[in-house]
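Student: I've got a structure open and I'd like to learn how to read it. Can you walk me through a few features?

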Amino acid sequence: MAKRSQDSMSSDQMQMTVLGTKVFGRNNLQFMQHPKPAACTLSPTEVLVRVLYSDLNPVDHHKLNMKADGAAVPDHRSPFVVGFGGCGVVEAVAADKADDAAKSLLNAHVVFLADPSRDGSYAEYVVCDRRVVAPVPAGGAIASHEAAAIPVAGCTALESLEKAGLAISSAEAPRPSAGEGRRLLIVGAAGGVGSWATQLARSNYPQLDIVGTASSPESSAWCEAMGCTSTIGHDEVESLGGGRDGSVDHILCLSEPTPKLFASLAEVLRPYGKIVLVVSGEGIKSLDLSFVFFKCGTVSTETVFTSMRDGYRLDQAGQLDTILSLLDEGRAKAPISKGWEDERSGWKVANERGGYIDAVGSGHSRGKLVMKISS
């Protein structure tokens, strides 16, 4: 894999524009020139993607703010370019050594996950491994901004649902009774991951009782439009019914599992039920598993980037393809935020104070926002 230290830095190397920073802090992002990756530096499984839209996610802010504001970015990562997914067009593959799977993607319109250990998608070009790239179906049913909303939140939602015991497939239409008698609780259902989880679960389990937690009437309406059966307040989990028998089979926790919240999840969990934690925080250090243990429950964690760090263990290209197929067939829809407008999505406007980058970092946006890099 080509690392930045191996990049040619000659004065005649082609340049690209990136939205990056040489010091930590979201407010320090600025547009700058940076060497464009050359095809000769790509490994056999890598592709060079011209980015059309970048996915926007709270993890962007987490990475930008992981050290004190103004602290210098290490030289080997400077400028620091975040953005961990999106859509674009494969412009190049490894010269003379690309494998057949990579070659098949050349010139294709694709969605991709970006490796957090490398430059991200806040850039005109990004290098991705073809094992986290999938072609967008031809025909125009899926717009580029919709495709760009899939990678981080969509794959996180799909992996979380499968860990919770709800397998997601696009192979065939589900049985009309699929999910009958079972209940899924999504804590924090109005955000990007929650919206995708609702859409994907509903696409495969028509009769599943999906309960989402929401903080306002507007968020409740959004969750129900996505496919939730009903919504409750964040502090009303135990109203679903707890005790020895519980009332929920599958739980996705998209908020920090504080001791109080986790106790409520353990309370409502049914015997042999499954809890998936997608957000960590301080609460993860002191979880009380006693009631979950009594119920033979399962607690799993989910981070979408673990597979990449572990040699691409999961078929995340297949996950992207599954979600794309569900969109193409009309069985699910991309949960683009109601406030998203293409003319406001360009990266110069998105980077302005109060723009889409800030909206995602606020923690209060409903659904997904994406940022246009190029046409």
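Tutor: Sure, starting with vocabulary: helices (H or I, at least four residues) and strands (E, at least two) are DSSP runs, numbered from the N terminus. This is a predicted model, where local features need pLDDT of at least 70 and side-chain atom pairs count only at pLDDT 80 or more, while totals for chains, interfaces and linings use all residues. Residues are numbered from 1 along each chain as its sequence is written, and side-chain values use heavy atoms, with hydrogens and water left out.

Student: Which helices supply at least two residues each to the lining of the largest pocket?

Tutor: A pocket, on a 1 Å grid over the protein atoms alone, is an open set of points where a 1.4 Å probe fits, with protein on both sides within 12 Å along at least five of seven lines; lining residues have an atom within 4 Å of a point. Here the helices are α1 (58–64), α4 (151–163), α5 (192–204) and α12 (356–362). α1 gives the most, with five residues.

Student: Which lining residues are closest to the centre of that pocket?

Tutor: Of the 45 that line it, P58, V59, V193, L254 and V279 are the closest to the centre.

Student: Now α10: how many of its residues are buried?

Tutor: Buried means under 20% relative accessible area, exposed over 50%, and partly exposed in between (1.4 Å probe, protein chains only). In α10, 11 of the 13 residues are buried, so the helix is largely enclosed by the rest of the structure. Its buried residues, L320 and I323 among them, pack against β5 (109–113), β7 (133–135), α4, α5 and α9 (306–309). Just after α10, G330 takes a positive phi of about 80°.

Student: What is V73 in contact with, leaving aside its neighbours within four places in sequence?

Tutor: Contact means heavy atoms within 4.5 Å. V73 sits in the loop between α1 and β4 (85–93), and its contacts are T21, K22, V23, F24, S78 and F80. V73 is buried, at a relative accessible area of 5%. Its C-alpha lies 5.0 Å from that of V23, although the two are 50 residues apart along the chain.

Student: Last one: how many disulfides does the structure hold?

Tutor: A disulfide is a covalent bond between the sulfur atoms of two cysteines; the cut-off is a pair of cysteine sulfur atoms within 2.5 Å. This structure holds zero. The sulfur of C40 is 18 Å from the closest cysteine sulfur, in C128, so that is too far for a bond. C223 is in no disulfide either, with the nearest cysteine sulfur, that of C228, 4.8 Å away. C40 is exposed at 61% relative accessible area, whereas C223 is buried at 1%.
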